[in-house]
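Me: Could you walk me through this model with a few questions and answers? I'd like to see the reasoning behind each reply.

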Amino acid sequence: WRQIAESDRVGLLNLVLVIGVLMIVDGVLRYSQALIVAYVSQKTMLEMRVSLFAHLQKMSLRFFTATKTGELMNRLNSDVVGAQQAITGTFVTIASNIVSVFVILAVMVQADWRLTLLAVAALPLFVLPARRVARILRSVTQQQMEVEAKMSGILQEAFNVSGALLVRLFGRWNEERSRFAEQAGRVRDISIRRALVGRGFFAALGLVSAVGTAAVFWLGGLLVIRGEIEIGVVIMFSVLLGQLYGPLSAMTNSRVELATSLVSFERVFEVLDLDIDVPPPENPRTLDPATGRVEFRSVSFRYQSGRPEGLAAVKRWRDVGEVAPVVSGSTRDWALERIDFTAAPGTLTALVGPSGAGKTTVSYLVPRLYDVSEGQVLIDGVDVRELDPETLARTVGVVTQEAYLFHDTIAANLRYARPDATEDQMVAAARAANIHDMISRLPDGYETVVGERGYRLSGGEKQRMSIARVLLEDPKVLILDEATSHLDSRSEALIQDALETLMDGRTSIVIAHRLSTVRKADQIL
């Protein structure tokens, strides 16, 4: 203003050049900041996702039977993204705005300390409401994430193949729509509440900024009238006030955003802090080579641990600060009590008994899907809890009653047991499982995609694929949950032939329903 009033063209040109250079520097710095923030946030998000995934993979089967898949997916997706937004938005905003406020205040104090003092007098009005609003929004955000996780659980149940099939078979479209609409309505209501609280807070900050600006203009006008300052100072303050109150509002709001962003961090780390109920051994042991001797020594096992399980344990800890006992819904506390037996290498052991007798439980304890409550399970004299997890996985092969296949090619599903298997080895395993001829008749052969959970294949074909996969793994100990009871006679005959090949030379523990299998057993439990 002075340079214009004094007709100082050189000074004005220099000032314009300085402003131009500052704008260029500002653009370069903003671009660099965006690049660094993007790299750091995405790297952090990757590490959090991988850490969550790896931690959850170490949990026992107990955890997954007590937790909805959709809720776990929500933790890996929405919660990690929420935590990432705190890095890209909140932390960067706080840092940059602190710098802006100090620079602007320095300029304002140099121009006129009285107007500066009046401008910052509104600062308490920015800070005081933030604490209460942060508490409210933190609570609302927690509720929002929980209802969104439940909605994700409904979607996962409804849209996986088994769920979609069940809905269609029973004609429950309207009921499922209503169930989803009810949960989606809760998401809507909590989102509206969060938006109203946030917008109300912003409106209050805007009112404080308006009052502060009006007060500065009033005092500045009086000082100009008295001749104590020049009009240019008031004009400069009119520009700087917006640049001061903007960062102040953003910093105040950052406190609120930080409180809500920390909810995402908490939800991620409360899962990472869950104790692994099947912990890896501190000094893992290997079997080289394995002979396949299996021993149960005074083994007792209960499914009910007396504590909330899955993500319910996290919620209980968050609500009351401790994990309280729960009442078991089981009519029997122990699934197995004081079990002793030995399966010698290369023998067949049949497990026979009514539903609920504990046959499947025995099959779960050998590959350590669960840990025993009491006693020991040993392979070649080594407690399975001391074995290296990869060694245990290579030593024990399992064919379950329900064969699971990934939405991938036949070759990829077979090589899941042994990624380095050659084409000849894969074909040999498929021939032994009586599935090669069927695969050869397919247009794409081994590159045929089997669909979600292998639903493009029949039940018998999936079982033979499962047997071929285990054959390719070539384990010394074989667990069979006999899977022929629900198949037609032709599929059953093919699978029985494949099982004969699979059990040859291996220590086999078979949940037996067929009399012919029991008769061939070396021992019957």
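Me: Happy to have it in view. Is S298 buried, partly exposed or exposed?
Reply: Keep in mind that this is a predicted model. The relative accessibility of S298 is 39%. Buried would need under 20% and exposed over 50%, so S298 counts as partly exposed.

Me: Which element holds S298, and what is its phi?
Reply: S298 sits in strand β1. Its phi is positive although the residue is not glycine. The value is near 50°.

Me: Nice. What is the phi of D474, and where is D474 placed?
Reply: D474 also has a positive phi as a residue other than glycine, and the angle is near 60°. With a relative accessible area of 48%, D474 is partly exposed. Its place is the loop between α16 and β7.

Me: Which peptide bond is cis, and what is its omega?
Reply: The bond runs from D288 to P289. P289 belongs to the loop that links α9 (231–272) and β1 (294–301). The cis bond from D288 to P289 has omega near -5°.

Me: On to the interior. Which residues have the most contacts inside the largest nonpolar core?
Reply: In soluble globular proteins, nonpolar side chains tend to be buried together. Here the largest such core has 33 residues. Those with the most contacts inside it are L414, I435, I439, Y446 and M465.

Me: Which element gives the largest share of this core?
Reply: Elements that give two or more residues to the core include β3 (348–351), α13 (410–415), α15 (436–441) and α17 (489–503). Helix α16 (459–473) is on that list too. The largest share is six residues, and the element that gives it is α16.

Me: What about charge: which residues gather in the patch of negative charge on the surface?
Reply: Take D424 as a starting point, in helix α14 (residues 423–432). D424 has 64% relative accessibility, so it counts as exposed. The patch is formed by D408, E423, D424, D444 and E447.

Me: And how much accessible area does the nonpolar patch of L15, I19 and M23 have together?
Reply: L15 lies in helix α2 (residues 9–57). Its relative accessible area is 40%, so L15 is partly exposed. Together with I19 and M23, L15 forms a nonpolar surface patch whose accessible area is about 300 Å².

Terms used
Residues are numbered from 1 along each chain as its sequence is written. This is a predicted model: local features need pLDDT of at least 70, side-chain atom pairs count only at pLDDT 80 or more; totals for chains, interfaces and linings use all residues. Side-chain values use heavy atoms; hydrogens and water are left out. Patches are made of residues with over 30% relative accessible area and no salt bridge: like charges are joined within 9 Å, nonpolar side chains (Val, Leu, Ile, Met, Phe, Trp, Tyr) within 5 Å. Accessible areas come from the Shrake-Rupley method with a 1.4 Å probe; for residues, only the protein chains shown count as cover. A salt bridge is a side-chain nitrogen of Lys or Arg within 4 Å of a carboxyl oxygen of Asp or Glu. Lys and Arg count as positive and Asp and Glu as negative; His and the chain ends are not counted. The place of a charge is taken as NZ of Lys, CZ of Arg, CG of Asp or CD of Glu. Helices (H or I, at least four residues) and strands (E, at least two) are DSSP runs, numbered from the N terminus. Buried means under 20% relative accessible area, exposed over 50%, partly exposed in between (1.4 Å probe, protein chains only). A nonpolar core is a set of buried Ala, Val, Leu, Ile, Met, Phe, Trp, Tyr and Cys residues joined through side-chain atoms within 4.5 Å.
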